[in-house]
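Work through the exercises below with the structure open beside you. Try each task before reading its solution.

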Number of protein chains: 2
Amino acid sequence: MAARGRPRTFDPDTALRKALDLFWERGYEGTSLNDLAQAMGIASASIYACFGSKEDLFRKVMALYGTTSGEPPRRALREQPTARAAIHAMLRATADEITRPDTPHGCMLILAAPTGAVENHAVREFLADLRHDMLSTIKDRLARGVTDGDLTAPPASLDAIARYYTTVVQGLSVQARDGADRAELEAVITCAMAAWDMLTSAPSHPVS
Amino acid sequence: MAARGRPRTFDPDTALRKALDLFWERGYEGTSLNDLAQAMGIASASIYACFGSKEDLFRKVMALYGTTSGEPPRRALREQPTARAAIHAMLRATADEITRPDTPHGCMLILAAPTGAVENHAVREFLADLRHDMLSTIKDRLARGVTDGDLTAPPASLDAIARYYTTVVQGLSVQARDGADRAELEAVITCAMAAWDMLTSAPSHPVS
DNA sequence: GGTAAAGTTGATCGAACGACAAAGAAGTTC
DNA sequence: GAACTTCTTTGTCGTTCGATCAACTTTACC
């Protein structure tokens with residue numbers, strides 16, 4: 001780490017956090033470099049020098065997002081003892097994160113760029129891949145439940161259940177962005193969990 | 001309808017349909033007037049003369065969307081004999097519409113502008129209002145089920161159930177945009193409907 | 001202190017944005 | 001066919017987009 005030359009006067013992590021809040025609120029295309037430069041307190045040229053292009057900056061922002069807002073739901077999946085508790089805790093942790101008073105509502109992964117101009121196709125695909133990872137993570141957790149013995153669903157339906165709870169998470173984000181509060185999301189989660197026993201203990205109701 | 005003057009050489013309905021497909025695919029901000037003019041086969045000045053501003057055009061497009069793609073799910077809610085059948089048919093009609101091979105995947109109402117630049121706030125609020133109408137329509141259908149006698153849920157939980165199925169619809173749109181096919185959405189719908197009996201016939205499981 | 005390295009500033013690039021004005025073209029009514 | 005109305009084309013308005021360059025400043029190393 002050669003410390004030659006003039007050190008930068010701003011803290012990259014702090015600036016990245018400011019960029020995160022802006023991208024979260026307005027989405028990828030809705031946030032201009034002028035907006036970013038103003039919020040980060042530096043000139044656009046400094047953004048390019050430190051972070052690369054707008055797309056590079058966005059990818060770094062998403063990495064920060066994953067290690068901050070994305071961590072509680074992932075930890076819930078990881079640490080809860082049973083698959084059912086893991087899914088339930090993951091949904092509640094998600095609801096917590098997407099209705100915090102100090103950040104924009106809704107999940108950035110879902111809201112930042114579901115559609116957009118053709119020239120930003122790479123960004124959309126990047127986010128779509130991350131969403132697919134979410135599905136895989138949930139699926140893996142269900143499979144672990146089968147291994148651990150706390151879940152006895154037929155393997156064929158694990159895909160369906162995983163996709164179902166992924167769908168709920170994604171729907172919750174739209175709800176949060178539209179103004180639903182934490183209690184309303186909790187009620188939705190209760191409904192979503194009501195399906196669990198039906199899906200995992202009633203062989204007379206095949207799901208796929 | 002005075003037919004004075006030169007009649008226009010393009011069909012507004014056909015042009016509106018072209019605009020719909022483009023807005024659907026790329027979202028509001030992701031679609032430029034150049035894109036629209038090219039797809040509609042007319043100059044941008046003709047767009048302004050016939051439809052007003054870009055925002056006016058988008059609102060007209062959304063009206064067309066509501067009477068075309070939005071109609072099957074609404075009709076399902078209206079015409080099915082019981083609340084349960086209505087919700088189930090609505091979900092399936094939605095899945096049909098958002099995975100059609102001849103249109104973009106996912107619901108335009110949800111994907112076109114969940115986030116965006118501050119200057120397009122009015123458009124986002126316009127769409128948010130339409131999404132709220134979706135919730136209200138579902139809630140009304142559940143209330144009708146209570147009136148008709150085919151649904152015995154306590155009134156307090158009707159809000160939660162309506163919001164739950166609204167959440168599922170919105171999640172399905174993200175799934176469809178991410179490439180999930182009709183069969184995968186059907187599996188999700190089966191999971192979502194598995195919660196129904198739990199929510200409407202088990203007073204030991206309050207949902208709100 | 002001299003010099004090299006890195007950061008910041010301010011100006012500016014070409015392109016695209018939404019929007020509109022003017023003028024010509026094409027039709028209808030009298 | 002004359003007068004009038006409306007549409008379409010062409011061009012361009014001012015702005016903003018993402019991105020970059022040259023000049024200046026500030027620091028570290030020798």
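The exercises that follow concern a predicted model.

**Exercise 1.** Describe the contact between chain A and chain B, beginning with how many residues each chain gives.

*Solution.*
Step 1. Count the residues: chain A contributes 40 residues to the contact, and chain B contributes 40 residues.
Step 2. Find the elements on the side of chain A that touches chain B. Two or more residues each come from helix 7 (108–111), helix 8 (121–148), helix 9 (155–177) and helix 10 (182–201) of chain A.
Step 3. Pick out the main contributor: helix 9 of chain A gives the most to this side, with 12 residues.
Step 4. Sort the residues of the side of chain A that touches chain B by type: 21 are nonpolar, 12 polar and 7 charged.

**Exercise 2.** State which residues come nearest to DNA strand C, and which elements supply the surface near the strand.

*Solution.*
Step 1. There are 27 residues around DNA strand C, and the nearest are A:Gly5, A:Arg8, A:Ala45, B:Ser32 and B:Lys54.
Step 2. At least two residues of this surface come from each of helix 3 (44–51) of chain A, helix 2 (33–40) of chain B and helix 3 (44–51) of chain B.
Step 3. Helix 3 of chain A gives the most, with 4 residues.
Step 4. By type, the surface near DNA strand C holds 13 nonpolar, 8 polar and 6 charged residues.

**Exercise 3.** Do the corresponding analysis for DNA strand D.

*Solution.*
Step 1. DNA strand D is surrounded by 25 residues, of which A:Arg6, A:Ser32, B:Gly5, B:Arg6 and B:Ala45 are the closest.
Step 2. Helix 2 (33–40) and helix 3 of chain A, along with helix 3 of chain B, give two or more residues to the surface near DNA strand D.
Step 3. The most come from helix 3 of chain B, with 4 residues.
Step 4. The residues of this surface divide into 10 nonpolar, 9 polar and 6 charged.

**Exercise 4.** Check the span of helix 4 of chain B, then explain why its buried residues line one face.

*Solution.*
Step 1. Helix 4 of chain B (residues 54–67) has 14 residues, so at 1.5 Å a residue it should span 20 Å. Its end C-alpha atoms are 20 Å apart, which agrees.
Step 2. List the buried residues of helix 4 of chain B: B:Lys54, B:Leu57, B:Phe58, B:Val61, B:Met62 and B:Tyr65.
Step 3. Look down the axis of helix 4 of chain B. The buried residues fall within an arc of 140°, so they line one face of the helix.
Step 4. Identify what covers these residues: the cover includes helix 1 (12–26), helix 2, helix 3, helix 7 (108–111) and helix 8 (121–148) of chain B.

Methods: Residues are numbered from 1 along each chain as its sequence is written. Chains are lettered from A and ligands numbered from 1 in the order in which they are written. This is a predicted model: local features need pLDDT of at least 70, side-chain atom pairs count only at pLDDT 80 or more; totals for chains, interfaces and linings use all residues. Two residues are in contact if their C-beta atoms, placed from the backbone, lie within 7 Å. Ala, Val, Leu, Ile, Met, Phe, Trp, Tyr, Cys and Pro count as nonpolar, Asp, Glu, Lys and Arg as charged, and the others, Gly among them, as polar. A residue is near a molecule or strand if its C-beta atom, placed from the backbone, lies within 6 Å of it. The expected span of a helix is 1.5 Å times one less than its number of residues. A residue is buried if 20 or more other C-beta atoms lie within 10 Å of its own, exposed if 12 or fewer, and partly exposed in between; C-beta atoms are placed from the backbone. The arc is that of the directions from the helix axis to the C-beta atoms.
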